[in-house]
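Trainee: Got a minute to walk me through a structure I haven't seen before?
Mentor: Sure, pull it up and ask away.

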Amino acid sequence: MDVLAPIISIVISFFSFVLVLRTWLQFCRVDPYMPISQTLMRLTNPIVIPVSKLIPTVKGINFAALLIAVALVAIQFILFGVDIPHSVLIGLLSVVKTFGQILFFTTLIRALMSWITQGNHPLDYTVAQITEPVLRWIRKILPRTGMLDFSVMVLGFGLLLINSGFYRVFGQLWALA
């Protein structure tokens, strides 16, 4: 089992990430005909569609995919000898952490691409769709500053603070997630 542990961990982490990304793209209404959306759907449909019959999508949030992601991570830690309540908590924390990572890195990509492509690349549109729901909410709170948009910086720093707060509250469980 010690030899297989890293491989199992990588496979489950990847599939969990794909499920969370699928959920976020559905919530953000990213064009389902984009290559990334098509790939995510093809990878996850065999397992998500049957569970979706029992657990519906509500307000654009695919709870079936999220439940599968939590279950996969929980099963992984149960296999590694962690008790069931802690394994489920790690699974839940893993989904939250993955959402934060998706937001952080797509926001970073969006900021870097704005310097280079200035909105003339097809990836710009997809990244904007992924980050815009959160950035729009932040822009409503921030005062208007003309041409400068500080919402990206506020989101980045906010995600870092949230990550630090979760680490303080959950400690090693957050690190494992």
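Trainee: What pattern does the protein follow, read along the sequence?
Mentor: Along the sequence the order is α-α-β-β-α-α-α-α-α. That comes to 7 helices and 2 strands, taken as DSSP runs numbered from the N terminus (helices are H or I with at least four residues, strands E with at least two).

Trainee: Anything I should know about the model itself?
Mentor: It's a predicted model, where local features need pLDDT of at least 70 and side-chain atom pairs count only at pLDDT 80 or more, while totals for chains, interfaces and linings use all residues. Residues are numbered from 1 along each chain as its sequence is written, and side-chain values use heavy atoms, leaving out hydrogens and water.

Trainee: OK, how much of the protein is buried?
Mentor: Of the 177 residues, 33% are buried. Buried means under 20% relative accessible area, exposed is over 50%, and partly exposed is in between, using a 1.4 Å probe and protein chains only.

Trainee: Which residues of α1 are buried, then?
Mentor: In α1 they are Ile12, Ser16, Val18, Leu19, Val20, Leu21, Arg22, Thr23, Trp24 and Leu25. Their cover includes α2 (35-52), β2 (61-62), α3, α4 and α5 (122-141), counting a contact as heavy atoms within 4.5 Å.

Trainee: And what comes right after α1?
Mentor: Arg29 follows α1, and its phi is positive, near 60°.

Trainee: Switching topic: how do α3 and α4 cross?
Mentor: The axes of α3 (residues 63-79) and α4 (residues 84-116) come within 8 Å and cross at roughly 130°. Those axes are lines fitted to C-alpha atoms, for helices over the stretch in contact, with angles from 0 to 180 degrees between N-to-C directions. So α3 is oblique to α4; under 35 degrees would be roughly parallel, over 145 roughly antiparallel, 65 to 115 roughly perpendicular, and the rest is oblique.

Trainee: Which residues meet there?
Mentor: From α3, they include Leu66, Val70, Val73 and Phe77, and from α4, Ile84, Val88, Leu92, Val95 and Phe99 are among them. By class, this contact has 13 nonpolar, 3 polar and no charged residues. Ala, Val, Leu, Ile, Met, Phe, Trp, Tyr, Cys and Pro count as nonpolar, Asp, Glu, Lys and Arg as charged, and the others, Gly among them, as polar.

Trainee: Last one: where is Pro50, and is it buried or exposed?
Mentor: Pro50 sits in helix α2. Pro50 is partly exposed, at a relative accessible area of 44%. Its C-alpha atom is 8.9 Å from that of Ala64, 14 residues apart along the chain.
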